[in-house]
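Trainee: Got a minute to go through this one with me? I'd like to start with the fold and then move on to how the chains meet.

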2 protein chains.
Amino acid sequence: MLPGMPHFVDHDTRRLEVLDATWRVIARDGIDSASVRAIAREVGWSTGVLAHYFVNKDEILQAALQLAHRRVYERASRHAAESSGAGALFAALTESMPLDANRVLEAHVEVAFWGRALSSKRLNELQHDEFDIWDRFVRELVVATGKQNELASSVDIDALVAALLAVVDGAQLEAVLYPQRVSPQRQLAALETVIRTGLTPKAAAALRETLQGVAAGLRRRRSVRPPDGQVTRRSATS
Amino acid sequence: MLPGMPHFVDHDTRRLEVLDATWRVIARDGIDSASVRAIAREVGWSTGVLAHYFVNKDEILQAALQLAHRRVYERASRHAAESSGAGALFAALTESMPLDANRVLEAHVEVAFWGRALSSKRLNELQHDEFDIWDRFVRELVVATGKQNELASSVDIDALVAALLAVVDGAQLEAVLYPQRVSPQRQLAALETVIRTGLTPKAAAALRETLQGVAAGLRRRRSVRPPDGQVTRRSATS
């Protein structure tokens with residue numbers, strides 16, 4: 001590259017490197033240990049170079065959380081594009097549940113942020129925005145399920161959306177804190193139980209097949225590709 | 001009291017004073033600020049006096065969490081004794097949801113512990129034990145609901161218990177982080193949605209009445225008695 005040539009091309013890639021390093025630090029040492037210095041060390045830069053990409057720790061942490069969410073949405077939206085109805089709803093929600101190493105790492109970042117958002121107004125506001133986006137996304141999938149005539153006529157959409165968000169958040173938390181007990185199978189069974197409430201009998205029977213497909217997919221994936229092939233997986237409770 | 005007379009009588013009361021002060025500090029300043037010094041200041045003692053009751057910060061925090069849980073069980077067990085079936089199950093689970101100021105404070109303590117348990121092996125093990133106890137308790141209530149012939153014959157008890165625990169944990173988290181969106185009404189609707197999955201149509205209709213009773217009770221309780229009448233309620237997100 002010629003001296004003085006702008007570095008725009010690298011900028012996003014470099015920021016992603018920082019965010020992936022941030023996840024590794026959070027998963028390994030806890031969110032309180034994710035200082036600018038520790039993140040710089042993890043990515044192999046000086047703190048001075050890091051400052052070209054992020055102003056401070058808060059900005060890094062917020063970007064790391066948003067990246068985790070964007071990746072969930074990308075995968076979830078793919079399900080919504082490839083299938084429809086209750087199957088798409090179920091598959092999209094599983095993208096936010098810690099069912100494999102990649103999603104355990106994302107969930108670990110998420111849970112670490114919850115604790116921190118209790119005492120940080122800015123992180124709390126970010127969580128509110130992200131909650132609203134997720135709530136709308138899930139609601140759209142529920143409404144789309146209705147358009148496929150797969151929702152029971154008695155269903156209360158507000159209540160179903162509230163239950164779906166809560167069961168996914170709760171399973172995420174429990175699986176990160178207690179993976180020995182809250183296995184992928186337990187998480188999937190809990191989610192299916194909630195979705196099934198809102199479905200016609202025919203759609204509920206079809207969902208059972210989707211569930212078996214997801215479970216079989218998890219069993220097949222013996223080695224899991226971490227995000228961007230960079231993140232080394234650590235035990236969520238170590 | 002005569003000099004040299006043993007202080008056994010006061011011991012438990014004194015410990016409770018410390019734990020209630022700990023909750024106030026956690027709710028107001030965050031769990032990381034709940035140092036032995038800060039807790040001693042809140043309760044109005046020297047750290048030296050505090051040391052007669054608790055060895056260190058970890059012991060205080062663990063006892064504070066266990067006290068929060070014991071209070072949930074006491075209230076939940078009262079529902080199980082006073083009523084039966086799905087109504088008892090529903091009412092017992094609501095005792096663990098942040099539906100009023102008292103339970104918001106308990107939930108705040110709970111959520112603060114989740115974040116901390118990620119990086120503390122001892123707190124994580126305590127969470128595991130508490131999860132197992134809660135899982136057994138909810139399972140017994142579900143089985144008792146079955147004995148009242150209120151469970152649908154198709155119900156998968158493991159999946160229902162998993163969904164119930166997850167929806168309560170998720171609602172607890174969401175309501176603490178975002179009380180403006182996750183209102184008591186939303187929490188109750190989410191819980192009812194999940195319980196109803198497992199019920200006979202007759203039991204589901206009866207549950208609707210229990211729900212309306214709980215909601216009416218919440219509206220009536222304008223001023224809420226804090227635990228032991230000592231804890232001053234603060235906004236969960238302040």
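Trainee: Okay, what share of the contacts in chain A with a separation of 6 or more comes from residues 24 or more positions apart?
Mentor: That share is 71%. Keep in mind that this is a predicted model.

Trainee: And how many helices and strands does chain A have?
Mentor: Chain A has 10 helices and 0 strands. Going along the sequence, the pattern reads α-α-α-α-α-α-α-α-α-α.

Trainee: What percentage of chain A is buried?
Mentor: Of the 238 residues in chain A, 56% are buried.

Trainee: Switching to the interface: how much area do chain A and chain B bury between them?
Mentor: About 3,600 Å², with 65% of it on carbon and sulfur atoms. On the chain A side, A:Leu118, A:Leu177 and A:Tyr178 supply 19% of the area buried against chain B, more than any other three residues.

Trainee: How many residues does each chain put into the contact?
Mentor: Chain A gives 40 residues and chain B gives 40 residues. The copies meet through the same surface, because 100% of the interface residues of chain A are also interface residues in chain B.

Trainee: What turn and shift lay chain A on chain B?
Mentor: A turn of 180° with a shift of 0.0 Å along the axis does it, and the RMSD is 0.0 Å. The two copies are therefore related as by a two-fold rotation axis.

Trainee: Any polar stuff? How many salt bridges are there between chain A and chain B?
Mentor: There are 6 salt bridges between the two chains. One of them joins the side chains of A:Arg186 and B:Asp135, at 2.8 Å from N to O. Chain A and chain B also have 14 residue pairs in polar contact, both residues being at pLDDT 80 or more.

Trainee: Which helices of chain A each supply at least two residues of the side that touches chain B?
Mentor: Those are H6 (101-117), H7 (121-147), H8 (157-177) and H9 (184-197). H8(A) brings the largest share, 15 residues. By class, the side of chain A touching chain B has 23 nonpolar, 10 polar and 7 charged residues.

Trainee: Last thing, B:Arg75. Is that one buried or exposed?
Mentor: Buried: B:Arg75 has a relative accessible area of 15%, and the cut-off for buried is under 20%.

Trainee: Where does B:Arg75 lie, and what does B:Arg75 touch?
Mentor: B:Arg75 lies in helix H4 of chain B, residues 57-82. Leaving out residues up to four places away in sequence, B:Arg75 touches B:Glu95, B:Asn102, B:Arg103 and B:Glu106.

How values were computed: Residues are numbered from 1 along each chain as its sequence is written. Chains are lettered from A and ligands numbered from 1 in the order in which they are written. This is a predicted model: local features need pLDDT of at least 70, side-chain atom pairs count only at pLDDT 80 or more; totals for chains, interfaces and linings use all residues. Side-chain values use heavy atoms; hydrogens and water are left out. Contact means heavy atoms within 4.5 Å. Buried area is the accessible area (1.4 Å probe) that two parts lose on being put together, summed over both. A salt bridge is a side-chain nitrogen of Lys or Arg within 4 Å of a carboxyl oxygen of Asp or Glu. A polar contact is a pair of N or O atoms within 3.5 Å; within protein, one must be able to donate a hydrogen and the other to accept it, and residues adjacent in sequence count only if both atoms are side-chain atoms. Helices (H or I, at least four residues) and strands (E, at least two) are DSSP runs, numbered from the N terminus. Ala, Val, Leu, Ile, Met, Phe, Trp, Tyr, Cys and Pro count as nonpolar, Asp, Glu, Lys and Arg as charged, and the others, Gly among them, as polar. Copies are superposed by least squares on the C-alpha atoms of residues with pLDDT of at least 70 in both. Buried means under 20% relative accessible area, exposed over 50%, partly exposed in between (1.4 Å probe, protein chains only).
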